[in-house]
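Visitor: Could you pick one part of this and give me a close look at it? I'd like to follow it piece by piece, with the residues named as we go.

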Amino acid sequence: MALDRILRRIVMIALSAALVACSNSDGERSAPAQEEEERETIWDLFENRDDVASPVRANRYLWHASLDILDFLPVESIDPFTGVIVTGWGQPPGGGREFRATILIDDPALDARSLDLVLDTRSGPADPDTVHEVENAILTRARQMRVERLSF
């Protein structure tokens, strides 16, 4: 169980690093990628090749609750299809330390196992108790959102 969480965190950090490395900081647009296969006729453009819609695996309540609870952190990148949210540095209201977060929501279930949160401070990883409290706040808010949605 602990090894699974460690591996998840390593994957999240690697994904975050890849997202940052892929960003284009000078604002120039990169050239579009060349298609691997050449099309033979104009009708090939309308062919449905590899265009299978991938299901969204992130639980929407956890997704919105994460953004709601961590609203003091500026969002740097967001991908609802992979369930990754990467934030910049920010200071919580009434707090003295700056934090940044990487959130991975990797399951459609509204469950604690679906949520993986990495919190960093300027001096390194955040205290595990702080991470646990933020995870609990996100889960509580997600459950509240679900109850609100069901009561309509």
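Guide: Start with Thr121, whose bridge partner in strand 5 is Gly124. Keep in mind throughout that this is a predicted model. That bridge belongs to the pairing of strand 4 (residues 115-121) with strand 5, an antiparallel match made over 2 bridges. Helix 3, residues 128-150, packs on the sheet here and touches strand 3 and strand 4. The direction of helix 3 makes about 135° with that of strand 4.

Now for the sheet as a whole. It's an open one with 5 strands in the order 1-2-3-4-5, and the pairing is antiparallel. Strand 1 and strand 5 (124-125) sit at the edges with a single partner strand each, so each has one side without a neighbour in the sheet. As a reminder, strands in a sheet pair through backbone hydrogen bonds, in a parallel or an antiparallel way.

Let's go over to the other edge. Strand 1 covers residues 75-79 and runs antiparallel to strand 2, with 4 bridges joining the two. You can pick out a couple of the facing residues: Val75 stands opposite Thr87 of strand 2, and Ile78 has Ile85 of strand 2 as its bridge partner. These two strands form a hairpin with 4 residues between them, and in that hairpin Gly83 takes a positive phi near 80°.

Strand 2 itself (residues 84-87) is worth turning in your viewer. Which of its residues point one way, and which the other? Val84 and Val86 go one way, Ile85 and Thr87 go the other, and all of them are buried. On to the next pairing: strand 2 and strand 3 (residues 99-105) also run antiparallel, this time joined by 3 bridges. One of the pairs to look for is Val84 with its bridge partner Leu104 in strand 3.

Back in strand 4, you'll find Leu117. With a relative accessible area of 0%, Leu117 falls under the 20% cut-off and therefore counts as buried. The C-alpha atom of Leu117 lies 5.9 Å from that of Thr102, although 15 residues separate the two along the chain.

Leu117 also leads us out of the sheet, to Leu70 in the loop between helix 2 and strand 1. Is Leu70 buried or exposed? Leu70 counts as buried, at 6% relative accessibility. Beyond its neighbours within four places in sequence, Leu70 is in contact with Ala101, Ile103, Leu117, Val134 and Ile138. If you want a distance to check, the C-alpha atoms of Leu70 and Gln91 are 10.0 Å apart, with their positions 21 residues apart along the chain.

What about the two helices, then? The axes of helix 2 and helix 3 come within 8 Å and cross at roughly 120°, and the two helices are therefore oblique to each other. Helix 2 makes a right-handed crossing as it passes helix 3. On the helix 2 side, the contact is made by Arg60, Tyr61, Leu62, His64, Ala65, Ser66, Asp68 and Ile69. Helix 3 brings Ala137, Ile138, Leu139, Arg141, Ala142, Met145, Arg146 and Arg149. Sorted by type, the residues of this contact come out as 9 nonpolar, 2 polar and 5 charged.

One more loop residue to look at is Asn59, which you'll find between helix 1 (2-22) and helix 2 (60-69). Asn59 is buried too, at a relative accessible area of 6%. Setting aside its neighbours within four places in sequence, Asn59 is in contact with Ile105, Asp107, Pro108, Ala109 and Leu110.

Finally, zoom out to the whole chain. There are 3 helices and 5 strands, and from the N terminus on they run α-α-β-β-β-β-β-α. Of the 152 residues, 30% count as buried. Among contacts with a separation of 6 or more, 48% come from residues 24 or more positions apart.

Conventions
Residues are numbered from 1 along each chain as its sequence is written. This is a predicted model: local features need pLDDT of at least 70, side-chain atom pairs count only at pLDDT 80 or more; totals for chains, interfaces and linings use all residues. Side-chain values use heavy atoms; hydrogens and water are left out. Buried means under 20% relative accessible area, exposed over 50%, partly exposed in between (1.4 Å probe, protein chains only). Two strands pair if DSSP finds at least two bridges between them. Contact means heavy atoms within 4.5 Å. Axes are lines fitted to C-alpha atoms, for helices over the stretch in contact, and angles run from 0 to 180 degrees between N-to-C directions. Angles under 35 degrees count as roughly parallel, over 145 as roughly antiparallel, 65 to 115 as roughly perpendicular and the rest as oblique. A crossing is left-handed if the near helix is turned anticlockwise from the far one by less than a right angle, and right-handed if clockwise. Ala, Val, Leu, Ile, Met, Phe, Trp, Tyr, Cys and Pro count as nonpolar, Asp, Glu, Lys and Arg as charged, and the others, Gly among them, as polar.
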